[in-house]
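Reader: I'd like to go through this fold with you before I head back to the bench. Can you walk me through it, one question at a time?

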Amino acid sequence: MANKGKYYMTTAIAYTSGKPHIGNTYEIILADAIARYKRAEGYDVYFQTGTDEHGQKIQEKAEAAGISPKEFVDHISGEVKRIWDMVNSSYDNFVRTTDEDHEKCVKKIFKKLYDQGDIYKGSYEGLYCTPCESFWTESQLVDGKCPDCGREVQPAKEEAYFFKMSKYADRLIDYINTHPDFIQPVSRKNEMMNNFLLPGLQDLCVSRTSFSWGIPVDFDPKHVVYVWLDASQTISQKSVTILTDHQSFSRKTGLQICTLSEKISCVSTLFTGLFSLWHLTFRFQSRCSDIHGCFRAVTR
């Protein structure tokens with residue numbers, strides 16, 4: 001069978017605040033089915049999964065358990081990997097956000113975005129849902145509670161860095177409109193457009209100072225990188241750009257790794273849930289001015 005080229009497949013990464021549930025396992029099995037099907041079609045597949053291990057919720061869970069955050073996530077991540085192996089998923093790489101190479105990559109990307117003027121320091125005052133690791137405005141609440149999980153939110157105010165999300169709104173809207181397969185199914189694309197993009201994007205908080213369990217910002221170490229920005233690097237870095245040893249990665253995997261100005265040479269799929277979609281969409285567009293082929297965000 002002729003080789004049809006490279007194909008990059010990734011799941012979202014399981015959050016390690018607790019043991020994986022049936023939804024996590026459902027996701028890895030469906031993603032594995034796609035990866036196996038693409039291999040059978042003749043594609044050279046690289047399939048990635050892993051665990052998301054930073055954030056305030058994890059720090060609080062570890063404190064309640066009387067252990068360090070690293071001990072806590074080591075146990076949960078090990079359990080996730082055990083289950084992924086038990087169901088015989090055929091992933092090529094299991095990435096952890098506490099991996100040294102991942103942390104180096106996140107620090108470099110954060111600094112790059114800051115140096116090019118896409119990140120600036122400010123202060124945040126709003127309503128915070130710790131279980132969801134998300135800030136909300138009063139108008140976004142449902143019956144005064146988190147619109148995603150329905151739990152109580154708490155007032156929060158702290159110094160933070162912000163990503164200029166509003167700068168990319170028109171560009172992102174245009175890209176989604178001209179690439180109908182970018183977000184599937186179409187109902188999720190419409191939800192993204194109507195609920196987040198068309199009403200107007202607000203700049204996104206990308207660092208925290210009220211807790212310490214995260215990747216420190218190199219040039220301002222009292223800040224840690226916000227968990228959503230940290231975690232999304234594992235999904236995009238190996239198909240879009242990697243700022244660490246990308247030549248070594250290419251030799252090991254056979255994939256061409258792109259720099260910030262290079263075009264993607266492989267077709268890629270992100271398999272995620274709706275909850276993760278709005279946090280992730282801006283990452284692909286803001287870092288990829290020349291998306292070649294199709295990076296599809298496939299939602300359930």
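Reader: Let's start with N88: is this residue buried or exposed?

Author: Keep in mind that this is a predicted model. N88 sits in the loop between α3 (69–86) and β4 (93–96). Its relative accessible area is 53%, and the bar for exposed is over 50%, so N88 is exposed.

Reader: What is odd about the phi of N88?

Author: Most residues other than glycine have a negative phi. N88 is not a glycine, yet its phi is positive, at about 65 degrees.

Reader: And D143, buried or exposed?

Author: D143 also has a positive phi without being a glycine, at about 55 degrees. You'll find D143 in the loop between β6 (134–136) and β7. Its relative accessibility is 77%, and over 50% is what it takes, so D143 counts as exposed.

Reader: Stepping back, how many helices and strands does the protein chain have?

Author: Some context on the chain: buried residues make up 53% of its 300 residues. Its exposed area is about 13,500 Å², with 50% of that supplied by carbon and sulfur atoms. As for the elements, the count for the protein chain is nine helices and 13 strands.

Reader: Of the contacts between residues at least 6 apart in sequence, what share joins residues at least 24 apart?

Author: Y7 and D44 give you a feel for such pairs, being 37 residues apart in sequence with their C-alpha atoms 5.9 Å apart. G42 and N3 are another example, 39 residues apart along the chain and 5.1 Å from C-alpha to C-alpha. For the protein chain, the share of those contacts that join residues at least 24 apart is 76%.

Reader: Sticking with Y7 and G42, are they buried or exposed?

Author: Y7 lies in strand β1 (residues 6–11), while G42 is in the loop between α1 and β3. Y7 has a relative accessible area of 2%, which is under 20%, so Y7 is buried. G42 comes in at 11%, again under 20%, so G42 is likewise buried.

Reader: I always check cysteines. How many disulfides are there?

Author: C105 has 0% relative accessibility, so C105 counts as buried. C205 has 4%, so C205 counts as buried too. A disulfide would need two cysteine sulfur atoms within 2.5 Å, and by that rule the count is zero.

Reader: Which residues does A160 touch, not counting residues up to four places away in sequence?

Author: A160 lies in strand β7 (residues 154–163), and at 0% relative accessibility it counts as buried. One of its partners is C205, 45 residues away in sequence but 6.6 Å away in space, C-alpha to C-alpha. The full set of residues touched by A160 is Y120, K121, G122, S123, C205, S207 and H223.

Reader: What covers the buried residues of α2?

Author: In helix α2 (residues 56–65), the buried residues are Q56, K57, I58, Q59 and A62. After α2 comes G66, with a positive phi near 75 degrees. The cover over the buried residues of α2 includes β2 (14–15), β3 (44–52), α3, β5 (119–129) and β10 (207–208).

Reader: Any empty space inside? Which helix gives the most to the lining of the largest cavity?

Author: Searching the whole structure turns up two cavities of 30 Å³ or more, and the largest has about 50 Å³ of space. Its lining is made of T11, A12, I13, A14, N24, E27, I28, T49 and W84. By type, those residues split into five nonpolar, three polar and one charged. With three residues, the helix that gives the most to this lining is α1 (residues 22–41).

Reader: Last one: which residues are in contact with F94, leaving aside neighbours within four places in sequence?

Author: F94 is found in strand β4, and its relative accessible area is 13%, so F94 is buried. Its C-alpha is 9.3 Å from that of I13, a residue 81 places away along the chain. The residues in contact with F94 are T49, G50, T51, S77, V80, K81, W84 and D99.

Technical notes:
Residues are numbered from 1 along each chain as its sequence is written. This is a predicted model: local features need pLDDT of at least 70, side-chain atom pairs count only at pLDDT 80 or more; totals for chains, interfaces and linings use all residues. Side-chain values use heavy atoms; hydrogens and water are left out. Buried means under 20% relative accessible area, exposed over 50%, partly exposed in between (1.4 Å probe, protein chains only). Helices (H or I, at least four residues) and strands (E, at least two) are DSSP runs, numbered from the N terminus. Contact means heavy atoms within 4.5 Å. Accessible areas come from the Shrake-Rupley method with a 1.4 Å probe; for residues, only the protein chains shown count as cover. On a 1 Å grid over the protein atoms alone, a cavity is a set of points where a 1.4 Å probe fits but cannot get out, and a pocket is an open set with protein on both sides within 12 Å along at least five of seven lines; lining residues have an atom within 4 Å of a point. Grid points are joined across faces, edges and corners, and a volume is the space filled by probe spheres set on the points. Ala, Val, Leu, Ile, Met, Phe, Trp, Tyr, Cys and Pro count as nonpolar, Asp, Glu, Lys and Arg as charged, and the others, Gly among them, as polar.
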